[in-house]
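Look at the model below before reading on. It helps to follow the chain from one end to the other and then to turn to the sheet, the core and the ligand.

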Amino acid sequence: MNIALIAHDNKKDLLVGFATAYKGILSNHNLFATGTTGSRIMNETGLTVHRFQSGPYGGDQEIGALVANNKMDIVIFFRDPLTAQPHEPDITALIRLCDVYAVPLATNLGTAEILIKGLERGDLAWRTIVNGKSGEIIENN
Ligand SMILES: O=C(CO)COP(=O)(O)O
């Protein structure tokens, strides 16, 4: 499965902790992230992550494009609800596209844990059936 990992600055520690805790599961999948989030996950967990632009420079939109092409299976986006972001329209657009395409989206730790445990249990196998085998969208991740 293709999994996007994104966190705003105040949530990056939380996402790195999440990625560390679930490294065993995440390492079986293709991971994608916005720029700074991806760097931190790679440096602090050792996981391989394909990095897009930083969020304010278009990273959310790049991930949104994959969602719109049904090539992203899960989005874990720990957004910061207490801090205004300069690229708020991009954030809203990504969340909207997840809803348009019924892509499982977790915006907080509680939901992310349920999602990752469901992934491990095979609850998301329907996505492979619907979309075909994922993982070939970007070879050099
Ligand atoms: O701003 C972001 C998501 O909206 C995250 O971007 P970075 O991972 O580059 O900090």
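The paragraphs below go from the whole chain to its parts.

This is a predicted model. The chain has seven helices and five strands. Their order along the sequence is β-α-α-β-α-β-α-β-α-β-α-α. The C-alpha trace spans about 40 × 30 × 30 Å along its principal axes. A compact globule of 141 residues would have a radius of gyration near 14 Å, and the chain, with 14 Å, agrees with that. Of the 141 residues, 36% count as buried. Contacts also link distant parts of the sequence: among those between residues at least 6 apart, 68% join residues at least 24 apart.

The sheet comes next. In what order do the five strands of the open sheet lie? The order is β3-β2-β1-β4-β5, and the pairing is parallel. β3 (50-51) and β5 (105-106) are the edge strands, each of which pairs on one side only. β1 runs parallel to β2 and is joined to it by four bridges. One residue to look for here is A4, whose bridge partner in β2 is F32. β1 also runs parallel to β4, with five bridges between the two, and I6 has F77 in β4 as its bridge partner. From β4, two bridges lead to β5, again in parallel. In this part of the sheet, I76 stands opposite A106 in β5.

Now take β1 by itself. Is β1 largely enclosed by the rest of the structure or left open? Six of its six residues are buried, so β1 is largely enclosed by the rest of the structure. In a regular strand, side chains alternate between the two faces of the sheet. In β1, N2, A4 and I6 point one way, while I3, L5 and A7 point the other way, and all are buried.

The nonpolar core can be followed from the same strand. The largest nonpolar core has 33 residues, and A4, L5, I63 and V75 touch the most other members. Elements that each supply at least two residues of this core are β1 (2-7), α1 (12-21), β2 (30-33), α4, β4 (74-78), α5 (88-100) and α6 (109-121). V75 can serve as an example. Leaving aside residues up to four places away in sequence, V75 touches A4, I63, V67, C98, V103 and L105.

The ligand is the next thing to find. Which residues surround the ligand? They are I6, H8, T34, G35, T36, T37, S54, G55, P56, G59, D60 and I91. Two elements give two or more residues to this shell, namely α3 (35-45) and α4 (59-68). α3 gives the most, with three residues. By type, the shell divides into three nonpolar residues, eight polar and one charged. Some names now come up again: I6, described above as a buried residue of β1, is also among the residues around the ligand. Likewise, α4 supplies at least two residues of the largest core and also two or more residues of the ligand shell.

One last residue is D13, which lies in helix α1. Is D13 buried or partly exposed? D13 is partly exposed because 13 other C-beta atoms lie within 10 Å, whereas 20 or more would be needed for a residue to count as buried. D13 and T37 are 24 residues apart in sequence, and their C-alpha atoms are 9.6 Å apart in space. T37 is one of the residues that surround the ligand.

Conventions. Residues are numbered from 1 along each chain as its sequence is written. This is a predicted model: local features need pLDDT of at least 70, side-chain atom pairs count only at pLDDT 80 or more; totals for chains, interfaces and linings use all residues. The radius of gyration is taken over C-alpha atoms; the globule rule is 2.2 Å times the number of residues to the power 0.38. A residue is buried if 20 or more other C-beta atoms lie within 10 Å of its own, exposed if 12 or fewer, and partly exposed in between; C-beta atoms are placed from the backbone. Two residues are in contact if their C-beta atoms, placed from the backbone, lie within 7 Å. A residue is near a molecule or strand if its C-beta atom, placed from the backbone, lies within 6 Å of it. Ala, Val, Leu, Ile, Met, Phe, Trp, Tyr, Cys and Pro count as nonpolar, Asp, Glu, Lys and Arg as charged, and the others, Gly among them, as polar. A nonpolar core is a set of buried Ala, Val, Leu, Ile, Met, Phe, Trp, Tyr and Cys residues joined through C-beta atoms within 7 Å. Two strands pair if DSSP finds at least two bridges between them.
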